[in-house]
Amino acid sequence: MRIDDRFMRNVAAWERIAPRQAQRGMTPPQLDTALVNVLQAQGFLPLYSHQSEGIGAALNGNNTVIVTGTASGKTLCYTVPVLQSVYRDPTARALWLFPTKALAQDQLSSFQRLSNSLEQSTGVQVTAAVYDGDTPKSQRANIRTEANVILSNPDMLHMGILPHHPKWIDLFQNLRYVVLDELHVYRGVFGSHVANVLRRLSRICEFYGSQPQFICTSATIANPKELAENLIDQQVTLVDTDGSPQPEKHFVLYNPPLLENDTGLRRAYTLETKNIVGRFLMDDVQTAVFARSRVTTELMLSYIHGLAAEIGLAPELVRGYRGGYLATERREIEAGLRSGKIRSVVATNALELGVDIGQLGAVVIAGYPGTIAGLWQQAGRSGRRGETAGIVFVASGAPLDQYIAMNPRFVFETSPEHGLINPDNLAILFNHIRCALFELPFEENEGFGPLDDIDEFLELLEENQEVHRPEREGESSYWIGQSYPAQSVSLRTAGDDRVLIHEMGQDEAIVIGEIDAEIAPQQVHRGAVYVHDAKQFIVAEFDYEQKIAYVKPADLDYYTRAHEDTKLEVLDVYDADESGLARKAHGEILVTSTPVGYRKIKLYTHEVLGYGQIDLPSRQYETTAYWLWLADDVCRNLERQGVFLRPNDYGPNWDQQRKAAKRRDAHTCRKCAKPEPVDGIKHHVHHIKPFRTFGYIPGENANYIQANVLENLLTLCPACHSQLETAERTALAGISHAIGNLAPLYLMCDPGDISTEHEMRSKETGAPTVTVFDKSPGGVGFSTRLYELHDDLLEGVLELVENCPCQHGCPACVGPVIVEQDVGTLGLKQATMMVARALG
């Protein structure tokens, strides 16, 4: 590829990763001879240095977290201690938790190879079994009583094991080890829930007289020790020096060619991925392709099937792999990859998490997978044969993809990502106290998590008739509710309210899915396009009170995106720093969100086809936030340069012209014909051509007169005004857009986990302000981290905007730009850069 000029023109970085020799360690002296013999027979000796250190730490009784690369042999660090505990005491038990069912099945096979070897050499039988939603009911009772090692997942532990602990007495009385594999997955809301599930597990273990030890494994993140300790509420020993060998690898960051300089539009990354995969397949290099979603996976699979036909490769040699495939089908694909029969696989991140697929010659990553840790896990699938391997990351047009293409250090230097959780989030904590109460009565003055006692929570539950409080001192509080609380608590959301999706049929509605009540107003409002299993539906009715959305099948060429009117109120400031040009603070805020309208956006071209209104009540919740604002001197400077308008300064005739426009329009919205209410929020008056493009400078010119002519003014209701404002952007909006898109790179969260708002004059600061807030009620810790990263974040914003090759601005840097509206005397991109530089 290096000799192909066309390819090299689009290479943002080409990094050679030098081969690494294995670093060996001593066999831990605590290891019994029988286990040493098994490891010798299976070819695991001498151990890699991290295996030696990790096994030794676990055998010394330490909670341990092992952080090394993909295929480095981390599994042995928990398999060996567990085998030794059962070898010494056949009643000993272990619980292994994996984030996916596929990973549990794969690890079962690996474990059984070692346990069978131990049985053959010593006669000691160590039984292991997977216990999850796919486990046949006929086998479950036997697994509960007979298996030494239970392989499961946090959801099953939460709903299927802890609430039924009397059936698991043998496990909880003899539990020696709990394994948390792929620790980095347990972050954000999900991780905050899992931490509380582990609190419930520890409470039940204490009841049965056991105190298990934790062994965790993780991909490379910035704070593995901190994350592990926050999850298990105990100290851990960190093992993070990788002793496994690594072949030479070449890691290429590829940015598809620009098609339009003005807009920053690039050639489709899916088509570029197809061409790159074709090069590898024509050279007979076994290749894995990672896509970000199920839909993209199927699209890429169809592309590569067509490519395979062109080069004479049988279609069965190119397979897909994602959630939704049958377990037997996934096992067949995994075996085909290990044997080399399957030459290419197109997968989601379902194949990222530790599943054994053998050694691949190349990996092509189509679009940023969401985290640097995930990127390296996918890249780690290459080069397992000891041969030189290739990795190509193909950037999409998304802001994070473009930032990484322009700043390769985020890939090749120390990971900036922190796995953050907040297990003490009150909404999450309350739900798990309900679950814990169902499992065991709470004794007088018994605490949970950070709470020394839970009296206030018990009072709430008593009002709901879910708990019986003691009448005399020394008695316990018992669950008396009719419901089964764990069943209504999802580990993926902070709340427990769900909206059911009913497909309207000829006779009756059929439930086809559910969605969190918190996001339902944006996703299943009347007129919304709802996609389920790649099928389109249109929402015919949304019953907000009953929490049911009724949908009809549809075949549409557009999708919908809702817009909310969001108001923020600061309730408490945790910390603030007003010493710099860009001041910063973080604290608690009240968010009031009102869905006001939605856009119909054409598939593929993203053209706005039309608008619709949403008539639903506002939602309020308290959460945590980080906000930054500009010092007065900076604002005055930017006002003089024409970047900012003086607050509400539309010229001396504005009040007169605004009233005249409303009279002309009969106080009625010109777009939807909604009359202005007598009480409540009044209609707005909108500049058709944005006011700032006229270059008005008080005291220097009278350009406001032309800007405020009636022909340039339009009366709009707040909902319609919000929709039109998406086409008129300011420099502060550009800063807000860039911050909102960069923050997930540091937070290791999904872009949808946070939201940004900008205000030209904030009620709290009195200055232009950008606020980034956690969309989960109560927050999960994002704001504190952003407050700490304030300087890095602003530096990243400037780099993103300055290095973007577009001319006026684009979605990859400052947001979508309509040139004739946004590029006046001062272009949006230029204005945003001026603000970013002023803050440096």
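Which residues of H15 are buried? They are Pro399, Leu400, Asp401, Gln402, Tyr403, Ile404, Ala405 and Met406. Buried means under 20% relative accessible area, exposed means over 50%, and partly exposed lies in between, with a 1.4 Å probe and protein chains only. Helix H15 covers residues 399-406, and because eight of its eight residues are buried, it is largely enclosed by the rest of the structure. Helices (H or I, at least four residues) and strands (E, at least two) are DSSP runs, numbered from the N terminus.

This is a predicted model, in which local features need pLDDT of at least 70 and side-chain atom pairs count only at pLDDT 80 or more, while totals for chains, interfaces and linings use all residues. Residues are numbered from 1 along each chain as its sequence is written, and side-chain values use heavy atoms, with hydrogens and water left out.

## Overall form

The protein chain has 28 helices and 31 strands. Its C-alpha atoms fill a box of roughly 95 × 85 × 65 Å, taken along the principal axes. The radius of gyration is 29 Å, which agrees with the value near 28 Å for a compact globule of 840 residues. That radius is taken over C-alpha atoms, and the globule rule is 2.2 Å times the number of residues to the power 0.38. Of the 840 residues, 54% count as buried. Among contacts with a separation of 6 or more, 71% come from residues 24 or more positions apart; contact means heavy atoms within 4.5 Å.

## Helices H9 and H10

Two packed helices are described by the angle between their axes and the distance between the axes. Helix H9 (residues 188-208) and helix H10 (residues 224-232) pack at about 50°, with their axes 7 Å apart. H9 is therefore oblique to H10. Axes are lines fitted to C-alpha atoms, for helices over the stretch in contact, and angles run from 0 to 180 degrees between N-to-C directions. Angles under 35 degrees count as roughly parallel, over 145 as roughly antiparallel, 65 to 115 as roughly perpendicular, and the rest as oblique.

On the H9 side, Gly191, Val194, Ala195 and Leu198 meet Asn230, Leu231 and Ile232 of H10. The residues of this contact divide into five nonpolar, two polar and no charged. Here Ala, Val, Leu, Ile, Met, Phe, Trp, Tyr, Cys and Pro count as nonpolar, Asp, Glu, Lys and Arg as charged, and the others, Gly among them, as polar.

Phe190 is also in H9 and counts as buried at 10% relative accessibility. Leaving aside neighbours within four places in sequence, Phe190 is in contact with Pro154, Val185, Leu491 and Arg492. Phe190 and Pro423 are 233 residues apart in sequence, with their C-alpha atoms 9.6 Å apart in space.

## Near the start of the chain

Gln84 sits in helix H4 (residues 75-88) and is buried, with a relative accessible area of 3%. Apart from neighbours within four places in sequence, Gln84 is in contact with Gln30, Leu31, Asp32, Leu35 and Leu59. The C-alpha atoms of Gln84 and Ile433 are 35 Å apart, and the two residues are 349 positions apart in sequence.

Pro46 lies in the loop between helix H2 (33-41) and helix H3 (49-59). The peptide bond that joins Leu45 and Pro46 is cis, with omega about -5°.

## Cysteines

The structure holds zero disulfides, a disulfide being a pair of cysteine sulfur atoms within 2.5 Å. For Cys77, the closest cysteine sulfur is in Cys216, 12 Å away, so the pair is too far apart for a bond. Cys77 is buried, at 0% relative accessible area, and Cys669 is buried as well, at 2%.

## Helix H21 and residues with positive phi

The buried residues of H21 are Trp654, Gln657, Ala660, Ala661 and Lys662. Their cover includes S28 and strand S29 (713-716). Just after H21, Ala666 takes a positive phi of about 55°.

Two further residues, neither of them a glycine, have a positive phi.

| Residue | Phi | Loop between | Relative accessibility |
|---|---|---|---|
| His667 | near 50° | helix H21 (654-664) and strand S28 (684-687) | 35%, partly exposed |
| Met748 | about 60° | helix H24 (731-747) and strand S30 (754-759) | 2%, buried |
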